[in-house]
Amino acid sequence: VELKVPPGASPARDLRVLVVDDNPDVARALALLLEVLDYRVETAATGAQALELAVRFEPRVALVDIGLPDMDGLALARRLRAQYPDRGRLYLVAVTGYGHDEARQRSLDSGFDEHLAKPVDLRTLQDLLEGVAAAQQGQ
């Protein structure tokens, strides 16, 4: 995959992204991709790790796999949303193999702001993160 970052483009270098996925290869690949795009990234393999990292790392965006070993991503989203009810503080994105309408609605009902089906389209992800970064800079 060749990544082209437009000259002068800076998606808010201080934008922190938490990647939550129990598949280490997926988490690592997504983290590397985001780092190449100049985002600050931390990864968690479980919901418990994600909850701890959210306090310490203070992510602006969390990309959360739904199928986690200790609690599913929907339960994690509910807990994160209770902890951070301000969507301007934490933007939650479900990243899942389920793209059908029912799964999307369950994600949104659990507190997610967005639902992306795997494999995640790079342009869609970049657009989403750039939008969050722009909103952050405008605050």
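Which residues of S4 are buried on one side, and which on the other? Select strand S4, residues 91-96. Tyr91, Val93 and Val95 are buried on one side, and Leu92, Ala94 and Thr96 are buried on the other, so that both faces are covered. Buried here means under 20% relative accessible area, exposed means over 50%, and partly exposed lies in between, with a 1.4 Å probe and protein chains only. Six of the six residues of S4 are buried, so the strand is largely enclosed by the rest of the structure. In a regular strand the side chains alternate between the two faces of the sheet.

The model is predicted: local features need pLDDT of at least 70, side-chain atom pairs count only at pLDDT 80 or more, and totals for chains, interfaces and linings use all residues. Residues are numbered from 1 along each chain as its sequence is written, and side-chain values use heavy atoms, with hydrogens and water left out. Strands (E, at least two residues) and helices (H or I, at least four) are DSSP runs numbered from the N terminus.

**The neighbours of S4**

Add strand S3, residues 61-65, which runs parallel to S4 and is joined to it by five bridges. Two strands count as paired if DSSP finds at least two bridges between them. Asp65 has Val95 of S4 as its bridge partner. Next, show helix H3, residues 73-83; S3, H3 and S4 make a right-handed β-α-β unit. Right-handed means that, with the strands pointing away from the viewer, the path from the first strand over the helix to the second runs clockwise.

Now select strand S5, residues 114-117, which pairs with S4 in the parallel sense over four bridges. Val93 has Glu114 of S5 as its bridge partner, and Thr96 stands opposite Ala117. Helix H4, residues 101-109, completes another right-handed β-α-β unit with S4 and S5.

**The whole sheet**

Show the five strands together: they form an open sheet in the order S2-S1-S3-S4-S5, with parallel pairing. S2 (40-44) and S5 stand at the edges with a single partner strand each, so one side of each has no neighbour in the sheet. From one strand to the next, the twist averages 20 degrees. Angles run from 0 to 180 degrees between N-to-C directions, and axes are lines fitted to C-alpha atoms, for helices over the stretch in contact.

Turn to helix H5, residues 122-137, which lies across S1, S3, S4 and S5 and runs at about 160 degrees to S5. Helix H2, residues 47-57, lies across S1 (16-20) and S2, at about 155 degrees to S2. Contact means heavy atoms within 4.5 Å.

**Salt bridges**

The structure holds eight salt bridges, each a side-chain nitrogen of Lys or Arg within 4 Å of a carboxyl oxygen of Asp or Glu. Select Lys118 and Asp21, whose side chains meet at 3.2 Å, N to O. Lys118 is in the loop between S5 and H5, and Asp21 is in the loop between S1 and helix H1 (24-36), so the pair ties together parts 97 residues apart in sequence. Asp21 is buried at 5% relative accessible area, whereas Lys118 is partly exposed at 33%.

Finish on H5 with Arg123, which is partly exposed at 41%. Its salt bridge with Asp127 has the closest N and O atoms 2.7 Å apart; the two residues are four apart in H5, separated by about one helical turn. Arg123 also meets Glu130 in a salt bridge, at 3.6 Å, N to O. Back at the loops, salt bridges that share partners join Asp21, Asp65 and Lys118 into one network.
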